[in-house]
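Q: I am new to this structure and would like a close look at a single part of it. Please start there and then work outwards.
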There are 2 protein chains.
Amino acid sequence: MPNKPKVLVTGSSGLIGGVLIRACSDAYEFSGLDMAKPDSAPDIPTLVTDVAELDAILPAFEGVDAVVHLAADPNMHGEWDTVLHNNFITTYNVFEAAKRAGVKRVVYASSNHAVGMWELEGPSGRIREGDYSGLEPGGFKMIDNTVQIRPDGYYGIGKAFGEATGAYYSDNFGLEVACLRIGTVSRDDDPKANVRMKATWLSHRDAAHLIERCLAVEGLKFEIFYGVSDNTWRFWDIEHAKNYLGYSPQDNAQDHWPEG
Amino acid sequence: MPNKPKVLVTGSSGLIGGVLIRACSDAYEFSGLDMAKPDSAPDIPTLVTDVAELDAILPAFEGVDAVVHLAADPNMHGEWDTVLHNNFITTYNVFEAAKRAGVKRVVYASSNHAVGMWELEGPSGRIREGDYSGLEPGGFKMIDNTVQIRPDGYYGIGKAFGEATGAYYSDNFGLEVACLRIGTVSRDDDPKANVRMKATWLSHRDAAHLIERCLAVEGLKFEIFYGVSDNTWRFWDIEHAKNYLGYSPQDNAQDHWPEG
């Protein structure tokens with residue numbers, strides 16, 4: 001199929017990279033950028049280098065229509081030094097390289113951990129522990145894209161940094177930026193690993209669909225969305241993603257738990 | 001006078017450091033930390049070292065009650081590499097050193113530039129250019145501590161990073177943190193350098209008073225305040241600082257302009 005949009009995926013060898021590329025290769029021509037390309041990685045042209053080296057990554061951005069920036073140390077408990085190298089510097093590099101190459105859009109994998117301290121309070125603080133007493137699904141104020149920044153670690157600070165950098169590149173250079181505060185994506189796509197996932201699960205197919213919507217939507221400037229399936233006990237807002245992007249999640253963690 | 005609170009000022013040789021130390025030495029026992037100590041710097045015990053070296057700065061935090069963190073490259077147009085070194089890494093180091101030494105409170109010099117893109121829109125976008133047509137002083141929505149992060153440069157991204165880091169250290173380690181989104185402080189303390197200062201001026205005595213209130217207020221956890229004098233044409237909220245801190249600015253840029 002000719003003229004498929006060209007999309008560079010940073011962290012293309014990682015979990016979400018593989019999910020996206022396998023699900024959407026009919027519609028997009030993917031290329032990759034990652035620090036390694038193991039045999040399990042998607043079979044796409046991939047530049048293997050340290051994303052913390054700006055000059056080294058620039059060639060991967062030439063001729064690309066959009067970038068999905070997933071490359072990061074995914075350890076939410078990461079220490080400062082590793083987060084600084086693998087999340088801060090890499091993320092600056094990706095926005096800067098996209099700007100220099102004239103890329104139109106960046107979909108940035110932010111995280112709920114940019115505002116993770118809010119989750120510990122109120123209804124979400126109980127739901128995440130499996131305590132639903134006196135609560136109705138959806139019958140409380142969701143944590144949404146307007147809450148103030150309250151990271152729960154250096155990883156979360158790094159994600160807040162990425163959002164701030166994305167806002168700057170959007171406002172000042174016209175880069176179109178969607179930030180996804182992604183919930184819990186697991187390798188086996190099973191939301192029963194812990195009770196918090198009843199709230200926070202983002203299934204593989206919902207993740208691929210959400211990123212695809214961010215690539216396809218018209219008129220984007222800068223937006224923040226939550227990435228979570230349509231879980232009965234979710235405490236993050238997905239109305240903004242539904243209304244703005246046409247996000248239509250198919251999965252609900254509740255359907256996978258024994259009590260239905 | 002015995003038992004004055006011990007306050008470490010980072011960037012003690014800089015403009016605001018000098019203003020604070022000269023104004024408040026009767027009430028606080030100041031020490032300094034800076035990359036240099038020229039003859040014009042306050043005559044206080046000062047550790048001279050690169051604040052980007054964590055191990056080197058730790059001794060300055062021992063036995064200190066509070067830290068006023070002013071050290072940074074003050075160039076709002078600074079490029080990424082210098083902001084990364086002089087603003088990001090130094091600011092992480094200061095919060096981390098304060099935590100390790102058991103310091104109770106950090107007053108952090110943030111900046112209006114963390115959210116500087118809002119200023120370009122609406123009434124503030126005209127006021128900053130000296131166009132007051134159809135506007136009443138205070139008769140419009142002020143930019144306040146709840147607006148979303150929209151930096152206007154790497155400097156502003158660094159200030160947003162400092163606020164996020166302060167929130168994390170407050171939430172997780174009990175450090176008391178006040179962030180001041182400081183307006184325009186000038187060496188000659190004259191608000192007539194440009195028309196924007198009619199809105200954004202923070203006089204020397206109001207700056208010292210505001211920082212002193214942040215050091216003295218009881219019950220602080222994490223707060224963000226604007227640092228601006230009581231200017232007729234200000235577009236930043238100071239009600240939060242007045243109500244929470246007892247901030248009582250004495251100056252108004254309008255009084256210094258020829259038309260009164």
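In which helix of chain B does B:Ala241 lie?

A: A word first: this is a predicted model. B:Ala241 lies in helix H9 of chain B. That helix covers residues 239–245.

Is B:Ala241 buried or exposed? Count the C-beta atoms around this residue. There are 25 others within 10 Å. The cut-off for a buried residue is 20 or more. So B:Ala241 is buried.

Which residues does B:Ala241 touch? Set aside its neighbours within four places in sequence. Then B:Ala241 is in contact with four residues: B:Leu210, B:Phe225, B:Tyr226 and B:Tyr247. Another residue to look for is B:Cys214. In sequence, B:Cys214 and B:Ala241 are 27 residues apart. In space, their C-alpha atoms are 9.2 Å apart.

Now move to another part of chain B, strand S5. This strand runs over residues 105–111. Seven of its seven residues are buried, so the strand is largely enclosed by the rest of the structure. Take the two faces in turn. One side carries B:Arg105, B:Val107, B:Ala109 and B:Ser111, all buried. The other side carries B:Val106, B:Tyr108 and B:Ser110, and these are buried too. Both faces of S5(B) are therefore covered, which fits a strand with seven of seven residues buried.

What pairs with S5(B)? One partner is strand S4 of chain B, residues 66–69. S4(B) and S5(B) run in the parallel sense, with four bridges between them. In one of these pairs, B:Val67 has B:Val106 of S5(B) as its bridge partner. A helix also belongs to this part of the chain. Helix H3 of chain B, residues 80–101, joins with S4(B) and S5(B) in a right-handed β-α-β unit.

S5(B) also pairs with strand S6 of chain B, residues 176–182. Here seven bridges join the two strands, and they run parallel. Look at B:Ser111: its bridge partner in S6(B) is B:Ile182.

Next, step over to chain A. Chain A has eight helices and seven strands. Its C-alpha atoms fill a box of roughly 55 × 40 × 35 Å along the principal axes. For 260 residues, a compact globule would have a radius of gyration near 18 Å. Chain A has 18 Å, which agrees. Of its 260 residues, 52% count as buried. Consider also its contacts with a separation of 6 or more. Residues 24 or more positions apart make up 69% of them.

How do the two chains sit together? Chain A can be laid on chain B by a turn of 180° and a shift of 0.0 Å along the axis, with an RMSD of 0.0 Å. That is the relation of a two-fold axis. Among the residues of chain A, A:Phe161 comes closest to the rotation axis, with its C-alpha at 3.0 Å.

Last, the contact between the chains. Chain A gives 16 residues and chain B gives 16 residues. On the chain A side, the elements that give two or more residues are helix H3 (80–100) and helix H5 (154–173). H5(A) supplies the largest share, eight residues. By type, the chain A side divides into 11 nonpolar, three polar and two charged residues. Of the interface residues of chain A, 100% are also interface residues in chain B, so the copies meet through the same surface.

Notes:
Residues numbered from 1 in each chain as written. Chains lettered and ligands numbered in written order. Predicted model: local features only at pLDDT ≥ 70, side-chain atom pairs only at ≥ 80, totals over all residues. Least-squares fit on C-alpha atoms with pLDDT ≥ 70 in both. Contact = placed C-beta atoms within 7 Å. Nonpolar A, V, L, I, M, F, W, Y, C, P; charged D, E, K, R; others polar. Buried ≥ 20, exposed ≤ 12 C-beta atoms within 10 Å, placed from the backbone. Pairing = 2+ DSSP bridges. Right-handed = clockwise from strand over helix to strand, strands pointing away. Rg over C-alpha atoms; globule rule 2.2 N^0.38 Å.
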